[in-house]
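Colleague: I'd like a close look at one part of this model, please. Take your time and walk me through the pockets and what surrounds them.

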Amino acid sequence: MSSADPASLGRALCIITGASRGFGRAVARELSRLVTPGSGLVLAARSGEDLRAVREELAASEAGRAGLRVESVVADVGRTEGLEAIIRAAKDALIEQVDHVMLVNNAASLGDVSRFAVSFNDLAEVDSYLSLNVSSAWCLTARVLQAFPQRPGLRRTVVNISSLCAIKPFPSWALYCTGKAARDMMFQVLALEEPDVRVLSYSPGPLDTAMQVEARSRSADPGIRKLFSDQFAEGKLMSCEASCAKLMKLLLEDSYTSGAHVDVYDL
């Protein structure tokens, strides 16, 4: 850990996509506690009302009162104008020079899990899914690294919120598995090409979120529906806060191999 304080991420600029609810909201809350005064948080999501609520909560928090600047951006990361808005907000959030820039690529969608792979014969439909779930993370990462280039004393970290589905196929989840696998590989390549950037793909586990409700109610494969229904009934779903705490510990220790896929159950 290069920061003088092992319990802090330093004076940081943190950009979180999908920050209005679920795991993204938990990440925003935890990061606000781990950065030092003079830091900035940029929260991006498509849901304006939920996003404003998170921003107001953090602005009124102890960190907010101590000088944390919180910017919210209602943006669709699958569109160029959405990415541009996030970069503008990131530059606006800089109160003073930071020593750490962190991007958390959390925004994602489950896709239509009520159908099997052979039913997806419409290029526009598949392209639309991949644009939101793969291209957006790729292009936003590139834009952030270009906007905040390497300089002495600056740490840069890119986090990809991944899934077991990146490495294991789930029937009727062709879109989601494909998107997560593509993202993992893209970030592995980035780690090789940019050795000064710390890159992590983190699989947060089965979380108690709206996505899980959709998974256990709409999946076409009966085995997948039963798997998630049983996890819910047996209390095996993890809270966003518990999984996020493990991610924060991982980031603070900073001992992972750059580009690695780390599962919550490995910690």
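Which helices each supply at least two residues of the lining of the second largest pocket? Once that is clear, carry on to whatever else belongs in the picture.

Modeller: Bear in mind that this is a predicted model. The helices you're after are α5 (123-147) and α6, each giving at least two residues to the lining of the second largest pocket. That pocket holds about 220 Å³ of space. Its lining is made up of W138, T141, A142, L145, R156, M186, V189, L190, E193 and E194. Sorted by class, the lining has six nonpolar, one polar and three charged residues.

Helix α6 also leads us to the other pocket. The largest pocket has a volume of about 1,200 Å³, and α6 (174-193) is among the elements that give two or more residues to its lining, together with α1 (22-34), β2 (40-45), α7 (210-218) and α8 (222-233). Of these, α7 makes the largest contribution, with five residues. The lining runs to 47 residues, and A108, Y176, L207, T209 and M211 are the ones that lie nearest the centre of the pocket. By class you get 24 nonpolar, 16 polar and seven charged residues there.

M211 is a handy place to jump across the sequence. G22, in helix α1, sits 189 residues from M211 in sequence, yet the two C-alpha atoms are 9.2 Å apart in space. G22 is partly exposed, at 23% relative accessible area. A second pairing of this kind involves K236, in the loop between α8 and α9. K236 and D208 are 28 residues apart in sequence, with 9.0 Å from C-alpha to C-alpha. Leaving out residues up to four places away in sequence, K236 touches P206, Q231 and Y265.

Now for the packing. In soluble globular proteins, nonpolar side chains tend to be buried together. Here the largest nonpolar core has 39 residues, and I16, F23, V27, L31, L43, L247 and L251 have the most contacts inside it. The elements that each supply at least two residues of this core are β1 (12-17), α1, β2, α2 (48-59), β4 (100-105), β5 (155-161), β6 (197-203) and α9 (240-253). Helix α9 provides the largest share, seven residues. Apart from this core lies another one of 23 residues, including A44, A75, I86 and V98. Back in the largest core, V27 shows how distant stretches of sequence come together: not counting residues up to four places away, V27 touches I16, V104, C244, L247 and M248.

C244 brings up the cysteines. There are zero disulfides in the structure. The sulfur of C14 has its closest cysteine sulfur 11 Å away, in C244, so that pair is too far apart for a bond. C14 is buried, with 0% relative accessible area. C177 deserves a second glance if you're setting up bonding by distance: its closest cysteine sulfur, in C165, is 4.0 Å away, and a disulfide needs the two sulfurs within 2.5 Å, so this pair is too far apart as well. C177 also counts as buried, at 11% relative accessibility.

Technical notes:
Residues numbered from 1 in each chain as written. Predicted model: local features only at pLDDT ≥ 70, side-chain atom pairs only at ≥ 80, totals over all residues. Heavy atoms only, no water. 1 Å grid on protein atoms, 1.4 Å probe; cavity = no way out; pocket = protein on both sides within 12 Å on 5 of 7 lines; lining within 4 Å. Points joined across faces, edges and corners; volume = space filled by probe spheres on them. Helix = DSSP H or I, 4+ residues; strand = E, 2+ residues; numbered from the N terminus. Nonpolar A, V, L, I, M, F, W, Y, C, P; charged D, E, K, R; others polar. Buried < 20%, exposed > 50% of the residue type's maximum accessible area, 1.4 Å probe, protein only. Core = buried A, V, L, I, M, F, W, Y, C linked by side-chain atoms within 4.5 Å. Contact = heavy atoms within 4.5 Å.
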